[in-house]
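User: Could you take a close look at how the strands are arranged in this one, and then at the aromatic rings? I'd like a connected walk-through rather than a list.

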Amino acid sequence: MTPEVPDVTVTVIVYNDAARLPRAVASLLRQTHANIEIVISDDHSTDETPSVARGLAAQDPRVRYLRLPENSGGCSAPRNRALEIARAPYLMFLDSDDELPEKAVELLLAAHREREVDFTMGAVRRIRVDNGRRSTWMPQLVARRRTLDGIETDPRLLFEHLSTSKMYARDFLDRHDLRFPEGIHYEDQLFSAQAYCLAKAFTIIPDPVYHWYIEPYAASDAASISNQRHKLTNVGDRVHVQRLIDDFLVTSGRGSLREDKDYKFLKHDFRMYAGDLPYRDDAWLRGFAEIMTPYLDTLASNAYARLPRPERVVLQLLRDGRLSDARSAARGLGHPVAPARVTADPETGATYWGDRVPESATARRELDVSDLELDTLPLASARFRHEITELIPGPGASLTLRIRTYDPGLRLPIGPHRAALLLSPGSRRLTAPFRLTPVRPGVFEGEAHLDLAAARLPLHGFTGLRHPVLRVQHRGQTHTGLLLAPLTFPALTARVAYRGGATPHHVTVEPEGRNPGRLQVRWQPTGTTARVLGPAVRRLAHPKVKNAARMLASALR
């Protein structure tokens, strides 16, 4: 008897992931549209994956197991080998560490059957493994149902370059001989760019069709390719695939998309590396510039013009070889942070980032920060740069923060100024007053003492995080700005018993996220889940921070 032809083939690629593979396959077996074929394509795993996969295939006739004869080192080969044996007229792809929502196949297939299109796509739900938080990937692109007659209708979709969020018509892939490029990383970017450009029509639905699990604190050997940005080979891989996309746009007659594609690279791909620059040493920065700068010089000038000024500054400093300045400019990206220093052109009056007037016309255009109005905005909305230069654990539950404030617009006259750190974890604001003393024109320093045990928390406790801010006052006007955490500051976690009957809490003082950003304080009532505290606790064990951590923890115990 001939087996029923499946409507959809879903390929699950896997490599040494025996633990999570059953979860991925289970999400396919739960699909509300059951007439599917599941191909587990194993990139020659060396763990228990083969036996697990064979067991899954034995339990359900819809599951097939394919094992590659040797490891390919990427995602393309296992997907392409599965395509060779897939029997369905529609195709999807799933990674072994992710899942499909139970109606994904049904919804995407229904969109195909409503209108003849080359592929359908939906929303991707990102799920943080460490805390369970959920968000939608590129939500503005999938907010409403629509069918597009070609990518030119909305080139912003180049930002949504995941191959796994889509269901492809097999005839479309075969007609254009479209396969995943083998032997390279970031293969999704090239494959998706080709699919967008070759498709005559495709449909977008707003429903979630993919669950993408994000593990930001994964060990370096288990991190995804995108999270291996510390490797210069990773930088080279990303630039290489961009050049392949550029070549394809030319050969396919889609050169009009080049500016949009360049903007996507600057706003998304480069921006991820830019956030890491303050942590990189001089040797890494030189290697990064050698790889990145020649490619940046090929991009459309209008693509740069579409970026926010702070991002353009980082890019231009890198292109000019001012690597230390690029590292400094990258601190605080995404926040209203002023440059540490600016220079006025005596001839034109323009204000430029840094300690010199740029030489080239391009550099003068990109480094002109006159639009920040550093010297004219009211104090309340003026831009300053508040950096914590040192954080010292003190007696009891106190911390001493040494702070340097840069005022490049010279809004504050020379002389001491009243300032305070403000923190509000509960109903009552915690205030730590101090003085900012001038060091030289435009630079002030001060020392604030923050007692975390003095915070008034609700009796039932407080779970969450807050970012201390710095308030400075002058002649009845007030400015409040964020605090940039020290680059080398490790997270410190301690148990604090609060007055007034509030439950004891674990309190963590740490930098915001993985990129250099604001200082943040995080509270977790004791006795609840310890998963949130995991990363901070691991960092406390680092030899370089044991002494400081021990001082704080013993004082607050």
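Analyst: In this predicted model, 7 strands close into a barrel in the order β12-β13-β16-β15-β14-β18-β19, and their pairing is mixed. From one strand to the next, the twist averages 30 degrees. Take β12 (residues 385–393) and β13 (residues 398–406): they run antiparallel and are joined by 8 bridges. I392, for instance, has T400 in β13 as its bridge partner.

There's also an open sheet, with 4 strands in the order β17-β22-β21-β20 and antiparallel pairing. Its edge strands, β17 (464–466) and β20 (492–496), each pair on one side only. Neighbouring strands here are turned by 25 degrees against each other on average, ignoring direction. β20 pairs with β21 (residues 505–511) over 5 bridges, and L492 meets V509 of β21 in one bridge.

Now the rings: the structure has 16 aromatic pairs. One of them is F119 with Y196; the centres are 5.8 Å apart and the planes sit at 65 degrees, over the 60 that counts as edge-to-face. F119 belongs to strand β5 and Y196 to helix α6, 77 residues apart. F119 is buried at 0% relative accessible area, and Y196 is buried too, at 1%. Another pair is F265 and Y295, edge-to-face with centres 5.3 Å apart and planes at 90 degrees. F265 is in helix α8 and Y295 in helix α9, so this pair ties together parts 30 residues apart in sequence.

F119 and Y196 also share one aromatic cluster with other residues, including F93 and Y168. Finally, charges meet rings as well: the charged end of R23 sits over Y213, 4.1 Å from the ring centre, while R126 lies over the face of W212 at 5.1 Å.

Terms used. Residues are numbered from 1 along each chain as its sequence is written. This is a predicted model: local features need pLDDT of at least 70, side-chain atom pairs count only at pLDDT 80 or more; totals for chains, interfaces and linings use all residues. Side-chain values use heavy atoms; hydrogens and water are left out. Two strands pair if DSSP finds at least two bridges between them. Helices (H or I, at least four residues) and strands (E, at least two) are DSSP runs, numbered from the N terminus. Axes are lines fitted to C-alpha atoms, for helices over the stretch in contact, and angles run from 0 to 180 degrees between N-to-C directions. Rings of Phe, Tyr and Trp (its six-membered ring) pair if their centres lie within 6.5 Å; planes under 30 degrees apart count as stacked, over 60 as edge-to-face and the rest as tilted. Buried means under 20% relative accessible area, exposed over 50%, partly exposed in between (1.4 Å probe, protein chains only). A charge sits over a ring if NZ of Lys or CZ of Arg is within 6 Å of the ring centre and within 35 degrees of the ring normal.
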